[in-house]
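The exercises below are meant to be worked with the sequence and the coordinates side by side. Please attempt each task before reading its solution.

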Amino acid sequence: MPQIRVEDLRKTFDIAVRQPGLWGAVRGLLHRQVRHVQALDGVSFNLATGELVGYIGPNGAGKSTTVKVLAGILVPDSGVCEVLGRVPWNQRAAHVAQIGVVFGQRSQLWWDLPVVESFELLRDIYRLAPAPYRQTCDELIGRLDLAALLDVPVRQLSLGQRMRCELAASLLHRPAILFLDEPTIGLDAVSKLAVRDFVRQLNREHGVTVILTTHDMDDIEALCSRIMVIGSGRILSDGSLAALRAKVSGERRLIVDLEIPDLAVSDPEAAVVQVDGRRVELRFDPARTPAAALIGRLAARYPIHDLFVEHPPIEELIARLYEQQR
Amino acid sequence: MRPYRAIASARFRLLLQYRAAAWAGIATQLFWGLIRTMVFEAFYRSSRAPQPMSLSETITYIWLGQALLAIVMLGVESEVRDTVRSGAVAYDLCRPVDLYSVLLIRNLAYRGATTALRAGPQLVLAACFLGLRLPPSPAALLAFGLATVMALLLASAWANLLTALLFFTVAGDGVVRLGTVLPWLLSGIVIPLPLLPDWWQAVAGWQPFAGLADLPFRLWIGHLPPAAVGQVLVFQAAWLLGFVLLGRLLLARGLRRLVVLGG
């Protein structure tokens, strides 16, 4: 049985539209114009215990709405949603005791209090017994390297330090499922790596199911075995990164470093994407021309210093997926 | 109860740290209290007509009002307002606690801590130098104490109603500001309610905000006998129940139409 079951979830928001200008404001008092935004338009998926799934889509696609429905914050208009056998918004208290959340753009720590006091407050809010709390807390402090931060008021923490504390705060009650909403937003490279390592470890060693929404494709590539892409309230693609690539395009990139700069490179089966001094980037379809054949042709015609083949960046795949759907 | 106790104690400890603000507040309230007592003294001297309260009773009433101003006048903590406006309230909804109770606890701690810091020194100063008279009997003091605790609850429930209204507006400052003017006007903080004209008395006695200041103060000065405390408490409790029910209803509706943006 899946840990999370979502079937045909729908949610519409009514957003009041104000006409521009003073006259518009006056008219708005008498007659409100409402715009319907279909945030979720029949979303369905299942998640098994221990999956680490990336949930991606542009702003306003319905990512956060889905997460908020799963977390029990929003009630959908229709559809089925079961998390650990419970309907989140009906059995909210029992449900939220089993989940952890981190909203990267907001803080769950008390701004003026030292970090450790926020933790202790959460201990009381979740009614945790002292011994298991101590054990979990020590473990998190060790793994996220928080010992030096515990007595610092939250407002004095850097963003990277704060995010490590947020992660710990969301896990004190040992949830079975963790929702991460843009956990690496605004972080520097080192902090991003620390967050990723921690999430990977948490998923592998403790079997915590993780749902990661992000705009950072490096997060996705580094962490997720499964990627769900949402656009305009519908799931556009659901599967591994390889499956997503196969679905959108099998295209590859050949990057060639030449011995001489600014040569006019061309090939009948490949297109030049960009030229940057000695470096030329070509696009080709391996179904039409195998990489070896292409490299052979180029090597015969141009002085090549070095070359490598790679997949197109994941951002491009996503962007193309959206274009195809439109 | 454990989560709520923990939240209350954390807020209380935090707010007790703002001692400089408390001293500034005390100075301001003493200054205004002096002006107001002088205004009423002039008013009593210029009028021969018998008044419903004696001058010394009125002066005591005014100093009580200055000392306990925080109960009536505090709106909703800016932090709570920001929480609702920014959507960080989403976190509070992800906890296994009742949101209405959490907000009530926070409003209560806000008022309780602020009053606890300011009331004591002001009452001592006013009693020693400024004409505040002590209650006529220990029973009157006890009656005042009970009614004041209830006033604190009633004020917090009113603030919770305002907090629930914040879920319906984009920027909540207007709601909160309007919501603090009403109790300010109607609690007796501006003009002691017994001094209002007769046609007002019928209304003034029944509206909820009389329970915030007027009724406890009159128990202190003996304008109401200590035995009336039962009636006062029932009156306050009835309005408290009304505010809580309405607040819960509004909050439930507000949460249903909640749109947490961003992310």
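**Exercise 1.** Classify A:R5 by its accessibility, then find its salt-bridge partner and place both residues in the fold.

*Solution.* The model is a predicted one. A:R5 has a relative accessible area of 26%, and since buried means under 20% and exposed over 50%, the residue counts as partly exposed. Its side chain meets that of A:E82 in a salt bridge, with an N to O distance of 3.4 Å. Because A:R5 belongs to strand 1 (residues 4–17) and A:E82 to strand 4 (residues 78–83) of chain A, the pair ties together parts that are 77 residues apart in sequence. A:E82 is partly exposed as well, at 24%.

**Exercise 2.** Characterise the salt bridge between A:R320 and A:E251: which partner is buried, and which is partly exposed?

*Solution.* Begin with the geometry: the closest N and O atoms of A:R320 and A:E251 are 3.4 Å apart. Next, locate the partners, which are 69 residues apart, with A:R320 in helix 11 (residues 314–325) of chain A and A:E251 in the loop between helix 9 (241–248) and strand 10 (252–258) of that chain. Finally, compare the accessibilities with the cut-offs: A:R320, at 24%, counts as partly exposed, whereas A:E251, at 12%, is buried.

**Exercise 3.** Describe the salt bridge between A:E269 and A:R288, and then name the residues that salt bridges with shared partners join into one network.

*Solution.* The closest N and O atoms of A:E269 and A:R288 lie 3.2 Å apart. A:E269 sits in the loop between strand 10 and strand 11 (270–276) of chain A, and A:R288 in the loop between strand 12 (279–284) and helix 10 (291–301), 19 residues apart. At 31% relative accessibility A:E269 counts as partly exposed, while A:R288, at 60%, is exposed. The network, for its part, consists of A:E251, A:R253, A:E281, A:R283, A:E316 and A:R320.

**Exercise 4.** Which elements line the second largest pocket, and how do its lining residues divide by character?

*Solution.* The volume of this pocket is about 610 Å³. Its lining comprises 28 residues, and those nearest its centre are A:S107, A:L109, B:E79, B:T83 and B:A88. Two or more lining residues come from each of helix 4 (115–125) of chain A and helix 5 (78–86), helix 6 (89–93) and helix 7 (99–129) of chain B. Helix 5 of chain B gives the largest share, seven residues. By character, the lining divides into 15 nonpolar, five polar and eight charged residues.

Notes: Residues are numbered from 1 along each chain as its sequence is written. Chains are lettered from A and ligands numbered from 1 in the order in which they are written. This is a predicted model: local features need pLDDT of at least 70, side-chain atom pairs count only at pLDDT 80 or more; totals for chains, interfaces and linings use all residues. Side-chain values use heavy atoms; hydrogens and water are left out. On a 1 Å grid over the protein atoms alone, a cavity is a set of points where a 1.4 Å probe fits but cannot get out, and a pocket is an open set with protein on both sides within 12 Å along at least five of seven lines; lining residues have an atom within 4 Å of a point. Grid points are joined across faces, edges and corners, and a volume is the space filled by probe spheres set on the points. Helices (H or I, at least four residues) and strands (E, at least two) are DSSP runs, numbered from the N terminus. Ala, Val, Leu, Ile, Met, Phe, Trp, Tyr, Cys and Pro count as nonpolar, Asp, Glu, Lys and Arg as charged, and the others, Gly among them, as polar. A salt bridge is a side-chain nitrogen of Lys or Arg within 4 Å of a carboxyl oxygen of Asp or Glu. Buried means under 20% relative accessible area, exposed over 50%, partly exposed in between (1.4 Å probe, protein chains only).
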